[in-house]
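Labels such as buried, exposed or core deserve a challenge. Look at the sequence and the structure, then ask what each label rests on.

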Amino acid sequence: MALLVQQGHALERAVLRVRLCLLTTALVASPLAAHAEWKPVEKVETYAISGQSGLELYRSIGQNGPNVGIARAIAFTNFKLTWGVRDYKPRGKGCVLTAAKPKLIITYTLPSPSAPLPPAVQKSWEVFIAGVSAHEKVHGASMIQMVHDIEAATDGLTVADDPKCSKTRAEVVRRLDAISKARVQASRDFDRVELGQGGNLQKLILALVNGG
């Protein structure tokens, strides 16, 4: 049961690494105001499942959940991060990186029964999906914090003795790699607790399967 959620976030972590690498190539253009105000866009998508009991619903999740390579996930949180224009500008013998406004779109993919459920099962399902949604929201909040961390680590970054800005670009890559690894580790730690013995997600799954 744990594999379903854990593997879902394994793919998300891999996507994060790719996108952060691509991000470094997008940090080139003309300057904008530092620390521009922005808000993430959060969307919810659903996939259909079937069943008239908690066990049937959970089995359907295993058959129809987001395919993440080696397993299917209960739910999945993905993101798309793009940036407005940035500029590496020589300043004297050094280089400074100007700020840009990020655009972050977070998409939560959640299961949804395709037919009305018996009252008792509906009640169990509502508890289950509320808990799963809250779990995914934590991952979404982590993605938002990641963008703030990128801003704090790169906006106005100045490197001395770098008239061609090559050292500055290398430093940006180094900082983004550190931010990526920190967020991935935090995600792993969170899932490990949630899916571990007595963890919140483990309890939700057992309550759905045994109670509906």
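The questions below test several labels on this predicted model.

Q: Why is D161 called exposed?
A: Its relative accessibility is 53%. Exposed means over 50%. Therefore D161 counts as exposed.

Q: Where does D161 lie, and what is its phi?
A: D161 sits in the loop between β6 (158–159) and α4 (166–195). Its phi is near 50°, a positive value in a residue other than glycine.

Q: C165 lies in the loop between β6 and α4; is it buried or exposed, and how do you know?
A: Buried. The relative accessibility of C165 is 3%, and the cut-off for buried is under 20%. So C165 falls on the buried side.

Q: What is the phi of C165?
A: About 65°. That is positive, although C165 is not a glycine.

Q: What makes Y47 buried?
A: Y47 has 10% relative accessibility. Buried requires under 20%, so Y47 qualifies. Y47 belongs to strand β1 (residues 41–49).

Q: Which residues are in contact with Y47, leaving aside its neighbours within four places in sequence?
A: I61, N64, G65, P66, A73, I74, T109, L110, P111 and S112. Each has heavy atoms within 4.5 Å of Y47, because that is what contact means.

Q: Why does the pairing of the Y47 side chain with the backbone oxygen of I74 pass the distance cut-off for a polar contact?
A: The side chain of Y47 reaches that oxygen at 2.7 Å. The cut-off is within 3.5 Å, so the distance passes.

Q: How far apart are Y47 and S114, in sequence and in space?
A: They are 67 residues apart in sequence. In space, C-alpha to C-alpha, the separation is 8.9 Å.

Q: What makes the largest nonpolar core a core, and how many residues has it?
A: It has 23 residues. They count as a core because they are buried residues of the listed nonpolar types, joined through side-chain atoms within 4.5 Å. F79, L81, L104, I106, M146, V147 and I150 have the most contacts inside it.

Q: Which elements give two or more residues to this core?
A: β2 (76–83), β4 (94–97), β5 (102–113), α3 (119–154) and α4. The largest share, 6 residues, comes from α3.

Q: Which residues does V147 touch, not counting those up to four places away in sequence?
A: W38, L81, W83, P102 and L104.

Q: Which residues does the second, separate core include?
A: This core of 19 residues includes A75, L110, I129 and V132.

Definitions and conventions: Residues numbered from 1 in each chain as written. Predicted model: local features only at pLDDT ≥ 70, side-chain atom pairs only at ≥ 80, totals over all residues. Heavy atoms only, no water. Helix = DSSP H or I, 4+ residues; strand = E, 2+ residues; numbered from the N terminus. Buried < 20%, exposed > 50% of the residue type's maximum accessible area, 1.4 Å probe, protein only. Polar contact = N/O pair within 3.5 Å; in protein donor to acceptor, adjacent residues only side chain to side chain.
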